[in-house]
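Please take a moment to look over the sequence and the model shown below before reading on. The paragraphs after it are meant to be followed with the structure in view.

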Amino acid sequence: MSTVLVIGASGQIGQKVCHSLLQKGYTVRALVRDTHRTEELKHPALQIFQIDLEEDFSQAFEGVKKVVFVAGSGGHTGCDKTLLVDLWAAKRAMDFAEEEPSVEHFIQLSSFGADDPEEIQSCLKPYIVAKHITDEYLTITSLPYTILRPCKLTNKERTGGFSNQRPESTAEATISRADVADAICYCIENDSTKVKVVELFQGSASLESIFN
């Protein structure tokens, strides 16, 4: 099967994506800054590419067919890292992918609210702005893309149920990281998800109905 590059593979969603892809028989190239967080992913088809996203990571794209960007600077960092990782590193990843002839699909994990950051009045606004800019940039590249915008993430068990309709109550606007990881893997395996921007909420619909 084809090689999938997962940028941000040591994060909570990134690890789940890698684990699922390896179980499905994919070769996974995991781009990480810290290899200690990938020890549980040990697998013959796992390729660890250790590098900081603020450095040149273009070599990681060689020969890959699918690229998943799930990296993030993290909530404990400041706006400087939001700018350098969530915005600039994502933009560079898109440039590197566009220069690699083998890349057939770029999947960006974005965020609810990235369509209109002016509506967001919270400490997350710098992150949402970064996602808005990189989402817009991705849509004008030559890359076949999928942009996923999940709402508030939880650590609950996967439900297998989704919605792309905004709930009336913000309290209901949640989705588990496990379900988001499943949605990413679905995008990797289904060309029908290309050239789409999809908001994700917990619901009762299948991923097939969400994307078709």
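What follows goes from the sheet to one of the helices and then to a single residue.

The model is a predicted one, and a good place to begin is its sheet, which is open and is formed by eight strands in the order S3-S2-S1-S4-S5-S6-S10-S8, with mixed pairing. Strand S3, residues 46–50, and strand S8, residues 162–163, stand at the edges of this sheet, and because each has a single partner strand, one side of each is left without a neighbour in the sheet. The partner of S3 can be followed in more detail: strand S2, residues 27–32, runs parallel to S3 and is joined to S3 by five bridges, and for Val32 the bridge partner in S3 is Gln50.

From the sheet the reader may turn to helix H3, which comprises 15 residues, 125–139, and spans 21 Å from its first C-alpha to its last, close to the 21 Å expected at 1.5 Å a residue. The buried residues in H3 include Ile128, Ala130, Lys131, Thr134, Asp135 and Leu138. These residues lie on the same side of H3, because they cover an arc of only 155° around the axis. As for what they meet there, the buried residues of H3 pack against strands S4 (66–69), S5 (105–109) and S6 (145–150), and also against helix H2 (79–99).

A last stop is Gln23, which belongs to helix H1, residues 12–24. Is Gln23 buried or exposed? Gln23 counts as exposed, because its relative accessibility is 62% and the cut-off for exposed is over 50%. Between Gln23 and Ala45 there are 9.7 Å in space, C-alpha to C-alpha, although the two are 22 residues apart in sequence.

Methods:
Residues numbered from 1 in each chain as written. Predicted model: local features only at pLDDT ≥ 70, side-chain atom pairs only at ≥ 80, totals over all residues. Heavy atoms only, no water. Pairing = 2+ DSSP bridges. Helix = DSSP H or I, 4+ residues; strand = E, 2+ residues; numbered from the N terminus. Expected span 1.5 Å × (residues − 1). Buried < 20%, exposed > 50% of the residue type's maximum accessible area, 1.4 Å probe, protein only. Arc of directions from axis to C-beta. Contact = heavy atoms within 4.5 Å.
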